[in-house]
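The following exercises are to be worked with the sequence and the coordinates at hand. Each task is followed by a solution in steps.

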Amino acid sequence: MRAVIVAIGVAFLVSLFCTPIAIKVFTRLKAGQPIRAEGPQMHQGKKGTPTMGGVVFILATVIAYVAGHLALTTLPDAQIAQVEPTITALVLLGLMVFAGAVGFIDDFLKVRKRHSGGLSAKGKLLGQILVGAVFGVVALWFPSTMTDSSGAVTNTETVGSTTLSFIRDIPALDVTKIGAVIIFIFVVMAATNGVNLTDGLDGLATGASVMVLGAYAVIAFWQYRHWCADPAYTANPNNYCYAVRDPLEIALIAGAAAGACVGFLWWNTSPARIFMGDTGALGLGGLIAGMAMSTRTILLLPIIGGLFVIITMSVVIQIISFKTTGKRVFRMSPLQHHFELAGWSEVNIVVRFWIIAGIGVAIALGLFYSDFLANMG
């Protein structure tokens, strides 16, 4: 627990105090956010606000991960933890950094062209597929070799699983390694685009991501406390355990990312002094996809990230309706812009959407805990 708390604190402080520096640097470089002409007219006043702020909380998360590992070295020998960096960390941080890099290219092109059209849709999609494929393969082909004091291997789990999962793996739904990678690519695409579409109002995506990542930190730490690789816990055959790989690593990274987003939110809340840009949105989406895979909660993700799903579906519904009937269901999509045009203030929309995000997180955590109680009974 100490390592997770250290990571959260370090990430928060780095993000909180480095974001103003990023604001000055990006302002000096004239890296201002171009605003779509077809978007809500009230957004034109945000033109020129520094973007690419996601660089700050991605960097803060990586720094906090290192700090958390330094804290791990002070834990008692009896503590079940892998002090050395793991494949799990490589996958999760790799997804965040490289998905963020795809977003950074998009942001850079927007700033350079002084136009809201950055990387082409095909280019962005290709980048998401490549990132998902590379880290999906790593997650499925590199099992753990964790050993106990006698040298016996106690954990041979991979980061991902070949079976679909809801609150845990569903053995009957084995999709093979290739199938699992294909599904993970889809999850990466869905999560990155979901966060990106939500990032339309000051602080909206940042605050929602804090809740989602906080939920994954709780889930992963609970799995760590009830881990199949912990002989002290599994000594009682009646104890229900989770067959995952490196849950403490997952909790540490999820907590660090949540803390970094809170620090960034200080400057990103209305009126935003900096935007996360596609750099931050795609980075967070990639990490959230990795969290779902590594905690074996793939099918629980649509509930945990319920707000992202609702906003994404509003775009899908709008497109289908317009192409089939020529009529729009919403005044504008994504959904947050519909309510802007309906007269809601930006702050009201953000807070109410945060409530929706919180409800999704609460339901997901309730389902997760209920499953644990049912299995322990």
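**Exercise 1. Classify Met52 by burial and describe its backbone.**

Solution. The model is a predicted one. Met52 has a relative accessibility of 5%. Because the cut-off for burial is under 20% relative accessible area, Met52 counts as buried. Its location is the loop between helix 1 (2-28) and helix 2 (54-72). The backbone of Met52 has a phi near 65°, a positive value in a residue other than glycine. For context, most residues other than glycine have a negative phi.

**Exercise 2. Carry out the same analysis for Arg296.**

Solution. Begin with the location: Arg296 sits in the loop between helix 9 and helix 10 (301-304). Next, take the accessibility, which is 3%, so Arg296 counts as buried. Finally, consider the backbone: phi of Arg296 is near 60°, again positive in a residue other than glycine.

**Exercise 3. Determine the geometry of the peptide bonds that precede Pro271 and Pro334, and place both prolines.**

Solution. Most peptide bonds are trans. The bond from Ser270 to Pro271 is cis, with omega near -5°. Pro271 belongs to the loop between helix 8 (247-268) and helix 9 (277-294). The bond joining Ser333 and Pro334 is also cis, and its omega is about 0°. Pro334 belongs to the loop between helix 11 (306-325) and helix 12 (335-341).

**Exercise 4. Which residues touch the most other members of the largest nonpolar core, and what does Ile304 contact?**

Solution. The largest nonpolar core holds 104 residues. Within this core, Phe57, Tyr216 and Ile304 touch the most other members. Neighbours within four places in sequence are then set aside for Ile304, which leaves contacts with Val212, Ala215, Tyr216, Ile219, Ala357, Gly360, Val361 and Ala364. Tyr216 thus appears both among the contacts of Ile304 and among the three core residues named above. As a general point, nonpolar side chains tend to be buried together in soluble globular proteins.

**Exercise 5. Compare sequence separation with spatial separation for Phe12 and Asn348.**

Solution. Phe12 is in helix 1 and is partly exposed, with a relative accessible area of 29%. Phe12 and Phe264 are 252 residues apart along the chain, while their C-alpha atoms are separated by 7.9 Å. Beyond residues up to four places away in sequence, Phe12 touches Gly259, Ala260, Val262 and Gly263.

Turn now to Asn348, found in helix 13 (residues 346-376) and partly exposed at a relative accessible area of 35%. Asn348 and Ala362 are 14 residues apart in sequence, and their C-alpha atoms are 21 Å apart in space.

**Exercise 6. Describe the chain as a whole: its elements, compactness, surface and charge.**

Solution. Count the elements: the chain has 13 helices and four strands. The radius of gyration is 21 Å, close to the 21 Å given by the globule rule for 377 residues, so the chain is as compact as a globular protein of that length. The C-alpha trace spans about 65 × 45 × 35 Å along its principal axes.

Proceed to burial and contacts. Buried residues account for 53% of the 377 residues. Of the contacts between residues at least 6 apart in sequence, 74% join residues at least 24 apart.

Lastly, examine the surface and charge. The chain exposes about 16400 Å², of which carbon and sulfur atoms supply 69%. There are 24 positive and 18 negative side chains, and the centres of the two sets lie 15 Å apart.

Key. Residues are numbered from 1 along each chain as its sequence is written. This is a predicted model: local features need pLDDT of at least 70, side-chain atom pairs count only at pLDDT 80 or more; totals for chains, interfaces and linings use all residues. Side-chain values use heavy atoms; hydrogens and water are left out. A nonpolar core is a set of buried Ala, Val, Leu, Ile, Met, Phe, Trp, Tyr and Cys residues joined through side-chain atoms within 4.5 Å. Buried means under 20% relative accessible area, exposed over 50%, partly exposed in between (1.4 Å probe, protein chains only). Contact means heavy atoms within 4.5 Å. Helices (H or I, at least four residues) and strands (E, at least two) are DSSP runs, numbered from the N terminus. The radius of gyration is taken over C-alpha atoms; the globule rule is 2.2 Å times the number of residues to the power 0.38. Accessible areas come from the Shrake-Rupley method with a 1.4 Å probe; for residues, only the protein chains shown count as cover. Lys and Arg count as positive and Asp and Glu as negative; His and the chain ends are not counted. The place of a charge is taken as NZ of Lys, CZ of Arg, CG of Asp or CD of Glu.
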